Amino acid sequence: MAPGGGRLDADHRVGGTQLDAALDRAGTSVHPGDAVVVRGGWDVDRPMTQPVPGLDLSAVAWLDEHGAALYIGDISDARPPSFPMPMHQVALARLGLPLVDAAALDDLADRCAALRRWSFMLVLAPPRITGTTGLAVNPLAVF
């Protein structure tokens, strides 16, 4: 969403039409079962009261319509939070879409741009620990 090392404005909300436009720019498509990776250019390790861009409900509908199996992003729900929170209260809780929050995507974006390729095999193997609601993971992109 934020090519060329830039970042989205703090008040920006990513919608389904913007996700379609990003696919067109990249010359790729999403198939059922794919992971969708969104780079907004933000480090979200900030106070919850500091504004951060996020996805809106039309983006969640888009992910569902395209059969996304996983969402990875450096942006997720906008801050400060407003309810419903599209990604955590709708995509995760209602649709069961797994989320990888606060991903560091700059190196991946640079590699995609250098290769002029925006699709890859994603390897993600969370540890098997019962009783958790979230785990640290180390996703790998294989080109």
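What follows is a walk through the overall fold and then one residue, Arg39, in a predicted model.

Start with the fold. The protein has four helices and seven strands, and from the N terminus on these come in the order β-α-β-β-α-β-α-β-α-β-β. With a radius of gyration of 15 Å, close to the 15 Å that the globule rule gives for 143 residues, the protein is as compact as a globular protein of that length. The C-alpha trace spans about 35 × 35 × 30 Å along its principal axes.

As for how the chain packs, 72% of the contacts between residues at least 6 apart in sequence turn out to join residues at least 24 apart. Buried residues make up 32% of the 143. On the outside, the protein exposes about 8500 Å², with carbon and sulfur atoms supplying 53% of that area. Then there are the charges: 11 positive and 16 negative, with mean positions 4 Å apart.

Now to Arg39. This residue sits in a loop, the one between strand E2 (35-38) and strand E3 (54-55). Despite carrying a charge that counts as positive, Arg39 is classed as buried, because its relative accessibility is 10% and the cut-off for buried is under 20%. Who are its partners? Setting aside neighbours within four places in sequence, Arg39 touches a run of residues from the start of the chain, namely Met1, Ala2, Pro3, Gly5 and Gly6. Further along the chain, Arg39 is also in contact with Asp74, Leu105, Asp106 and Ala109.

Technical notes. Residues numbered from 1 in each chain as written. Predicted model: local features only at pLDDT ≥ 70, side-chain atom pairs only at ≥ 80, totals over all residues. Heavy atoms only, no water. Helix = DSSP H or I, 4+ residues; strand = E, 2+ residues; numbered from the N terminus. Rg over C-alpha atoms; globule rule 2.2 N^0.38 Å. Buried < 20%, exposed > 50% of the residue type's maximum accessible area, 1.4 Å probe, protein only. Contact = heavy atoms within 4.5 Å. Areas by Shrake-Rupley, 256 points an atom, 1.4 Å probe, with all protein chains shown as cover. Charge placed at Lys NZ, Arg CZ, Asp CG, Glu CD.
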